[in-house]
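I opened the model to take notes on its fold, its cores, two hairpins and the contact between its chains. The entries follow in the order in which I looked things up.

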Amino acid sequence: MSDPVIEARNLTRDFGRLRALDWLSLQVWPGHVLALLGPNGAGKSTFLRLVQGLLAPTAGQVRLLGRPSRRLPADLCRRVACVGQDQDPPPWATLRQLLALQAGASPRFDRPLAEDLCRRGGLSLGRRFGSLSKGQRRWVLAVLALAAGAEVLLLDEPAEGLDPAARRDLYDRVRDCVNERDAAAVVATHVIGDIERVADDVAIIHRGHLVLHAPLEELREQVRQVALPNTEALPDLAAGVSLLGSIRLGQTLVAWVRCNGLSDDELHRRAGPRARVRTVGLERLYLTIAEHLSEDARKPTEETV
Amino acid sequence: MYIHLDHHGGEPIYRQIIEAVKYQVASGQLAPGEKLPSIRGLAGQLKINPLTVVRAYEQLQHAGLVVMKQGQGVFVATNRSSTPVGVRRKAIAEMARRLLAEAARMGADRQEIMDVLQAEARQMESKP
């Protein structure tokens with residue numbers, strides 16, 4: 001197997017007294033799209049800025065293409081493309097100039113692709129960046145990153161402000177880039193539906209902690225929703241099953257579990273004859289985990305130490 | 001080969017591909033010996049990881065529904081008996097439901113539908 005493209009080990013970053021990222025370890029492999037999920041302020045952008053080398057870690061380390069990301073040689077920098085939150089090009093630059101700039105910085109720049117994507121966005125190359133709407137600006141930044149011919153794509157909310165068709169188009173192109181070049185992409189977002197289609201792996205960050213990192217196919221295989229009508233307390237589902245969260249809807253208790261290899265039939269047998277067992281999409285799973293964690297945070301014993 | 005994927009229902013993608021191919025083989029939309037899309041091709045069409053397609057094709061091969069030939073591609077198995085009875089029944093039931101619904105819309109009763117079915121079957125058998 002090839003080497004990881006991104007390798008974070010115990011990565012930690014403080015801003016004053018705030019710990020934005022806490023002891024985070026994860027790897028991203030070539031050919032993979034990682035969906036980095038979490039509420040606003042969870043640490044997604046901090047993570048991406050550390051990976052890009054724009055920030056120095058307080059503790060731990062992060063390697064990009066095998067090198068510490070703060071000391072990435074120029075030839076490796078050209079193999080990385082980013083869409084950030086605060087790296088807008090100058091407003092007076094025309095799209096033609098921006099394409100030329102990117103072509104100069106990226107030896108494998110795919111000009112036909114860039115021009116085609118601009119056309120798809122309804123943008124002529126004579127337009128100035130400053131004259132574009134918010135969504136159009138995001139589209140242009142994404143076009144520059146996608147056409148850069150990079151092996152690593154670091155995209156922070158790349159689809160912000162885009163309409164649904166453009167979001168879908170954008171993520172399809174990310175998948176194409178990854179498949180065709182064996183590239184790797186990290187997409188930080190809190191809009192789950194679009195990225196769920198093309199992602200291979202999901203990482204959920206909550207208050208700087210990595211709370212879940214798993215292949216999506218494995219989650220689809222393992223996570224189940226168990227609905228129990230007229231039930232007071234959750235029955236003991238026991239060995240090997242981990243409870244991710246539960247809520248009460250009227251008389252029905254709904255629980256989400258990771259069944260770790262247990263068959264649906266066996267889960268059904270343990271949950272009782274009235275239980276309904278079904279698969280769960282990523283959005284539901286994400287909300288369950290987020291609510292579960294927020295409840296934990298409200299308990300006075302947690303996080304006050 | 002057209003496959004519709006549900007990305008949000010929580011069913012693993014590789015299994016949706018397996019089910020779709022099984023169904024299309026059972027219902028005759030994919031003929032024995034027919035070539036399936038390449039791994040790269042299907043991954044590009046469905047916007048998924050090629051490894052997911054590999055996983056589906058390998059399991060289909062294991063189940064005897066497709067044959068992967070080195071350097072040539074993936075083909076629907078020519079051995080017809082390899083279609084599992086359960087899948088076949090499901091596919092036929094689906095077609096039957098459509099037929100019954102359409103026929104009912106035109107005002108046909110069950111006897112008439114059965115008569116037509118029998119007549120058509122006889123006619124197919126009499127052909128060389």
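What percentage of the 305 residues in chain A do buried residues make up? I find 40%, where buried means that 20 or more other C-beta atoms, placed from the backbone, lie within 10 Å of the residue's own (12 or fewer is exposed, in between is partly exposed).

Ground rules. This is a predicted model, in which local features need pLDDT of at least 70 and side-chain atom pairs count only at pLDDT 80 or more, while totals for chains, interfaces and linings use all residues. Residues are numbered from 1 along each chain as its sequence is written, and chains are lettered from A and ligands numbered from 1 in the order in which they are written.

Chain A, overall. I counted ten helices and 14 strands in chain A; these are DSSP runs, H or I over at least four residues for helices and E over at least two for strands, numbered from the N terminus. The radius of gyration of chain A is 22 Å, close to the 19 Å of the globule rule for 305 residues, so chain A is as compact as a globular protein of that length. The radius is taken over C-alpha atoms, and the rule is 2.2 Å times the number of residues to the power 0.38. The C-alpha atoms of chain A fill a box of roughly 65 × 40 × 40 Å along the principal axes. Of the contacts in chain A with a separation of 6 or more, 68% join residues 24 or more positions apart; a contact means C-beta atoms, placed from the backbone, within 7 Å.

Cores. I looked next for nonpolar cores, which are sets of buried Ala, Val, Leu, Ile, Met, Phe, Trp, Tyr and Cys residues joined through C-beta atoms within 7 Å. The largest has 87 residues, and Ala145(A), Leu153(A), Ala185(A) and Val186(A) touch the most other members. Helix α5 (residues 134–146) of chain A gives the largest share of this core, eight residues. Domain 1 (6–207) and domain 2 (218–298) of chain A each supply at least three residues to this core; the bounds come from an automatic or database domain assignment. Leaving out residues up to four places away in sequence, Ala145(A) touches Ala81(A), Cys82(A), Val83(A), Leu153(A) and Leu155(A). Another core, of 21 residues, lies apart from it and includes Tyr14(B) and Ala56(B).

Hairpin in chain A. Strands β9 (residues 201–206) and β10 (residues 209–215) of chain A pair in the antiparallel sense over six bridges; pairing requires that DSSP finds at least two. Ala203(A) stands opposite His213(A). Two residues lie between β9(A) and β10(A), and Arg207(A) in the turn has a positive phi of about 50°.

Hairpin in chain B. Here β1 (residues 66–69) runs antiparallel to β2(B), joined by four bridges. Lys69(B) stands opposite Gly73(B), and Gly71(B) in the turn has a positive phi of about 75°. Which side chains of β2 (residues 73–76) of chain B are buried? Val74(B) and Val76(B) are, on one face, while Gly73(B) and Phe75(B) point to the other and are not.

Chain contact. The contact takes 18 residues from chain A and 14 residues from chain B. On the chain A side, α6 (164–181), α7 (192–198) and α8 (216–222) each give two or more residues. I split the chain A side into three nonpolar, five polar and ten charged residues, counting Ala, Val, Leu, Ile, Met, Phe, Trp, Tyr, Cys and Pro as nonpolar, Asp, Glu, Lys and Arg as charged, and the others, Gly among them, as polar.

Terms used: Two residues are in contact if their C-beta atoms, placed from the backbone, lie within 7 Å.
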